[in-house]
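Colleague: Before we discuss the terms used for this structure, may I see the sequence and the model?

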2 protein chains.
Amino acid sequence: MTTTFTLSRRAQALTSSAIREILKVTERPEVISFAGGLPSPATFPVERMREATEKVLREAPQAALQYGPTEGFSPLREWIAERLSRGGARIPASRVLVTTGSQQGLDLLGKVLIDEGSKVLVETPSYLGALQAFSLFSPQFASLPSDAQGIVTDAISPEQMAGARFLYCLPNFQNPTGRRMPLERRKALVELAARAGVPLVEDDPYGELSYGGEALPSLLSMNPDGVIYMGSFSKVLAPGLRLGYVVAPEQVLAKLVQAKQAADLHTPTFSQRVVYEAVQDGFLDRHIPTIRALYGTQCQHMLAALEREFPEEVTWNRPEGGMFIWVQLPKGLDSGKLLAKAVERNVAFVPGAPFYAVDPQTNTLRLSFVTVPGEKIDAGIKVLGELLKAEIAALRAAA
Amino acid sequence: MTTTFTLSRRAQALTSSAIREILKVTERPEVISFAGGLPSPATFPVERMREATEKVLREAPQAALQYGPTEGFSPLREWIAERLSRGGARIPASRVLVTTGSQQGLDLLGKVLIDEGSKVLVETPSYLGALQAFSLFSPQFASLPSDAQGIVTDAISPEQMAGARFLYCLPNFQNPTGRRMPLERRKALVELAARAGVPLVEDDPYGELSYGGEALPSLLSMNPDGVIYMGSFSKVLAPGLRLGYVVAPEQVLAKLVQAKQAADLHTPTFSQRVVYEAVQDGFLDRHIPTIRALYGTQCQHMLAALEREFPEEVTWNRPEGGMFIWVQLPKGLDSGKLLAKAVERNVAFVPGAPFYAVDPQTNTLRLSFVTVPGEKIDAGIKVLGELLKAEIAALRAAA
């Protein structure tokens, strides 16, 4: 008899995305890719990491290579708590769980907070990786009205909030849109959620990547007992370490810890100690400005190219930080079809539709500007501009 | 309104184990602990790891710190496939998924293969971490008859096999019992599973830790299309790296990859490259014999102490490899209660009950011998022997 591998319903629902298949071609060196969500490797502090690994393996090799506590390496948890406490509210280290990238935080939250059919509120659009992680636990997503400033708090009714397990959002330089929630919206959102008794899940991998202007307070700092916060070292140090963290009220954290124990026992001790060594003397405060400067320059370069090359029917935002620009095409254009044509001309981006939990808007797309050199930004955006002009002309001819 | 964190049913079912609480005291330096599942840090190849990290950060720093493919670092996957192919059957690298410790493999398998109520077959007793990982997906465990040689294949009826999603087992030096399945049993198990069409999940973290005698063929090598295999670098290199792997037929692997993408995107690139550098020239074949020699000596030391100190009513096995000895107390004795008394005298072990998926046998316990120096093994086993003699005397007096 042939061995039968019966897949769970949740595994059957997992589908390999068509986009992912198309984007495999972006690995070809001749492709100019605005598709990646990768930070620029030029920002990785290699020398610092070398010193940190050398120190860890010299001073505490056996501890660094041994199993460790599920909650994480204590000095790192304390460092994280201290840094987050800069936001105003004091965050104790006992609320911090170190995770294997903040993606793992999403998986653990799904496990601990979502039953089949649970209502989960998300932005429109939202981070694809979160939608995927939560989907494994079969929630009912409800997509909240959002504009260029994030969730439109005024447009949300008490019925929309009622009974939700949590509201998931990225207030800073959101993936995919690059948008940032202004202070007034943050205040309104925290108040709205507190009034409804609904927890907020604040995902903040890009918060430190502001090109200028003041940092805005986190939702966590506004209501530590009502917010689960997720942070990451991926965008400020290096993503290949897979080091993130979740901050949650103690009773939730205890459950996340139990779920993490079953998921991978703990995040690699070695990487935790190396990252702690790398950051403990204030290094990030010297290092992050260099990332901001690079990304700000790259962003300006792409914005200039868009101004120059894109037809006037196409619109986009002007990010104040982060890694992405969000583009709106005229109704009737499909960015998935555009991608197929762009790839033929060796240019890639990510179509916007998969970022919508419900009612996908196919006339949107995401551009990442951080890893592509200036002249390639120019060349790639020129190609996209030409394709868009042709598409719009064809659309008009058909109308 | 107070924010309400409504836990999922699966999170509510997670309980903090009473044992775990008791075992927290084992962190006190005066406690002689046979409770840990930790490998001996004396076996960690620190100098080798230093050279490997240094090489990775010198030769490919940016790639090592960047995001990587979910499947894992290709040269490492190829190395793993090649090593497993020594078992006879050729295992292609396309069947290998690198995981964040083999614990993650268990979580991914639960996600991909278990629906609520799915029948999952396990040994009696079985690895606690697997029971915990699978439990999150609410299977119906069925515990197969087992003896000192593992699953008693002759005693299994077709009805017991029918409809199971998989049969999970550790053929080599099982955690918690230290037992190894002999060749005939392996053959019978593979045949039985194949006849029933039920996949085998072979968990093999201890396979290389044989103190002597020949290695036995893996279930994987006997039927690559019917077995999902899990391996780990934790016991042969260092556990703090959290590096394991799953080998599965392509259609299952594809789903595991999708589930892993949602779980943590990928296992840290840096650790994967460091481990690859550490092992690629055949290092493990030189290194593992030193671990075997140490653990074999430790095991003999504990066995001698048990012979000397334990009353004749107590029995135990004589492991041929691995890290654990399994002890059977007379019926009527409860190892949980024994633990409380032992901890008062600064000795710890793990009671056996939690390792049973159903029908826990409270008169069992697990002893780990790998990290405790010889004189402390003597002292600790002496204390346990005294307690056991007193318990047995009390049991007789009560009868």
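Modeller: The turns below set values against definitions.

Modeller: The model is predicted, so that local features need pLDDT of at least 70 and side-chain atom pairs count only at pLDDT 80 or more, while totals for chains, interfaces and linings use all residues. Residues are numbered from 1 along each chain as its sequence is written, chains are lettered from A in the order in which they are written, and side-chain values use heavy atoms, without hydrogens and water.

Colleague: Why is helix 3 of chain A called oblique to helix 12 of chain A?

Modeller: Helices are DSSP runs of H or I with at least four residues, and strands are runs of E with at least two, numbered from the N terminus. The axes of helix 3 (residues 46-59) and helix 12 (residues 269-279) of chain A come within 8 Å and cross at roughly 120°. Axes are lines fitted to C-alpha atoms, for helices over the stretch in contact, and angles run from 0 to 180 degrees between N-to-C directions. Angles under 35 degrees count as roughly parallel, over 145 as roughly antiparallel, 65 to 115 as roughly perpendicular and the rest as oblique. Helix 3 of chain A is therefore oblique to helix 12 of chain A.

Colleague: Which residues of helix 3 and helix 12 of chain A meet?

Modeller: Contact means heavy atoms within 4.5 Å. Among those meeting are A:Arg48, A:Met49 and A:Ala52 in helix 3 of chain A, and A:Phe270 and A:Arg273 in helix 12 of chain A.

Colleague: What makes the relation of chain A to chain B that of a two-fold axis?

Modeller: Two copies of a chain are related by a rotation about an axis and a shift along it. Here a turn of 180° and a shift of 0.0 Å along the axis lay chain A on chain B with an RMSD of 0.0 Å. Hence this is the relation of a two-fold axis. The superposition is by least squares on the C-alpha atoms of residues with pLDDT of at least 70 in both copies. The same surface serves both copies, as 100% of the contact residues of chain A recur in chain B.

Colleague: How many residues are in contact between chain A and chain B, and what area is buried between them?

Modeller: In chain A, 83 residues are in contact with 83 residues of chain B. The buried area, which is the accessible area (1.4 Å probe) that two parts lose on being put together, summed over both, is about 7,100 Å². Carbon and sulfur atoms give 60% of it. A:Phe5, A:Leu65 and A:Tyr67 supply 11% of the area that chain A buries against chain B, more than any other three residues.
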